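Thank you for sending this model, which I have gone through with the sequence alongside. My comments follow as numbered points, for you to check against the coordinates.

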Amino acid sequence: MGLLFLSKHLPVKESQPGVPKTPADIISTVEFNHTGELLATGDKGGRVVIFQREPESKNAPHSQGEYDVYSTFQSHEPEFDYLKSLEIEEKINKIKWLPQQNAAHSLLSTNDKTIKLWKITERDKRPEGYNLKDEEGKLKDLSTVTSLQVPVLKPMDLMVEVSPRRIFANGHTYHINSISVNSDCETYMSADDLRINLWHLAITDRSFNIVDIKPANMEDLTEVITASEFHPHHCNLFVYSSSKGSLRLCDMRAAALCDKHSKLFEEPEDPSNRSFFSEIISSVSDVKFSHSGRYMLTRDYLTVKVWDLNMEARPIETYQVHDYLRSKLCSLYENDCIFDKFECAWNGSDSVIMTGAYNNFFRMFDRNTKRDVTLEASRESSKPRAVLKPRRVCVGGKRRRDDISVDSLDFTKKILHTAWHPAENIIAIAATNNLYIFQDKVNSDMH
């Protein structure tokens, strides 16, 4: 499977031993940019930390460049909605990079209500030799200017500047759960529990409502929108998932309001598995188009599924993430873990999928060989250049030496947010307030 990863442990907001970490330090989203050279994380404190990949070392030309902090900035602040007497958290729900158009980078970040567009630029030169200003930037007395000189650019230490370009506010009544940039590079959409809006990147004061599932009477509400994403190649297609476990593919060419979907992807429930928790665990927490645009990947509480856009009746592949929890749903309901929203990710060639689990475990499934592996993101296993060992959870009495009993799993340690480099076998794993970056030992394609 080729899933030997070398690890790098990056404490985004490191807590000192014995000092409890604050909720503000918990990472809430992870996203590579389109080249994979930059990696952004957002946290519950409204901060965005950007990591940049260092160039390969001349001494070791075959070694991978590692990621180091490039820029940190405060994206959102806590707010208060006086009309509804509601506090609006600063927590970053999602970050999406825009395709790079020039030397600058751009990204969108959102909390529950407000989306912001940020521009990231570099400065490594400064102009010197102004005619009308002195070295401190103050205007000179014109009578003292007796000759003209040509200003020159002098090298300076690299400075990364992050500036807010636009603020897209007042578009959502409910909490924003996802944003997605369109392949036309001009528009993006944002989704909350009941509505999806289409925005133009240059226009902040209005958006177009393209999906509205709010019933006339809220007592008739049966499902909510959980995630949405644009198709990677067709700017008219997008998909959104629901708390009932269904996917709706919509075509914006058909109508301005896409309440009537083009395709409905839904798996009929097996009556023998029906239980009190069936509806909760069937809710889709994440949906991702494959890079090819042919498939969709969804995550519900216990499984990840691969859907073919040409087949609506059932998924073409279903992988059990932690089936050993099926007997523990009652206690997971009582401690609210059953409502955890895990994300999923494709590798660059769409041949391997990844998602998180409990006990700081994350799972990988090779679609070609049908092999899977459980790995752990922990400080013990993240010594530089350490090779990750596969982990195994056992149910019942018999267990091997390194097995972990299902009863000893730590449900406070959960891998909700993961990201995969768009071209290489490098993954980013968010474990509470720590970011782990793993890279393939031999840097080969996962086939």
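Two strands are taken as paired here if DSSP finds at least two bridges between them, and the comments on hairpins below rest on that usage. Please keep in mind throughout that this is a predicted model.

1. The hairpin of β12 and β13. Strand β12, which covers residues 178-181, pairs with β13 in the antiparallel sense over four bridges, and within this pairing Val181 stands opposite Tyr188 of β13. The two strands form a hairpin with five residues between them, and in the turn Cys185 has a positive phi of about 60 degrees.

2. The hairpin of β13 and β14. On leaving β13 the chain enters a further hairpin, in which three residues lie between β13 and β14. Strand β14 (residues 195-200) runs antiparallel to β13 and is joined to it by five bridges, with His200 of β14 as the bridge partner of Thr187.

3. Burial of β13. Is this strand, residues 187-191, largely enclosed or not? Five of its five residues are buried, so β13 is largely enclosed by the rest of the structure. Buried here stands for a relative accessible area under 20%. The burial holds for both directions in which the residues point, since Thr187, Met189 and Ala191 point one way, while Tyr188 and Ser190 point the other way, and all are buried.

4. The open sheet. Four strands form an open sheet in the order β2-β3-β4-β5, with antiparallel pairing. Its edge strands are β2 (27-32) and β5 (67-74), each of which pairs on one side only. Neighbouring strands of this sheet are turned against each other by 20 degrees on average, with direction ignored. Between β2 and β3, the latter covering residues 38-43, there are five bridges in the antiparallel sense, and the bridge partner of Ile27 in β3 is Asp43.

5. The surroundings of Asn111. Where does Asn111 sit, and what does its side chain meet? Asn111 is found in the loop between β9 (105-110) and β10 (115-128), and it is buried, with a relative accessible area of 0%. A polar atom of its side chain lies 3.0 Å from the backbone oxygen of Glu89, and a polar atom of the Asn111 side chain also lies 2.8 Å from the backbone nitrogen of Thr114. Leaving aside residues up to four places away in sequence, Asn111 touches His76, Glu79, Ile88, Glu89, Glu90, Lys91, Asn93 and Ile176.

How values were computed:
Residues numbered from 1 in each chain as written. Predicted model: local features only at pLDDT ≥ 70, side-chain atom pairs only at ≥ 80, totals over all residues. Heavy atoms only, no water. Buried < 20%, exposed > 50% of the residue type's maximum accessible area, 1.4 Å probe, protein only. Axes fitted to C-alpha atoms, helices over the stretch in contact; angles between N-to-C directions. Polar contact = N/O pair within 3.5 Å; in protein donor to acceptor, adjacent residues only side chain to side chain. Contact = heavy atoms within 4.5 Å.
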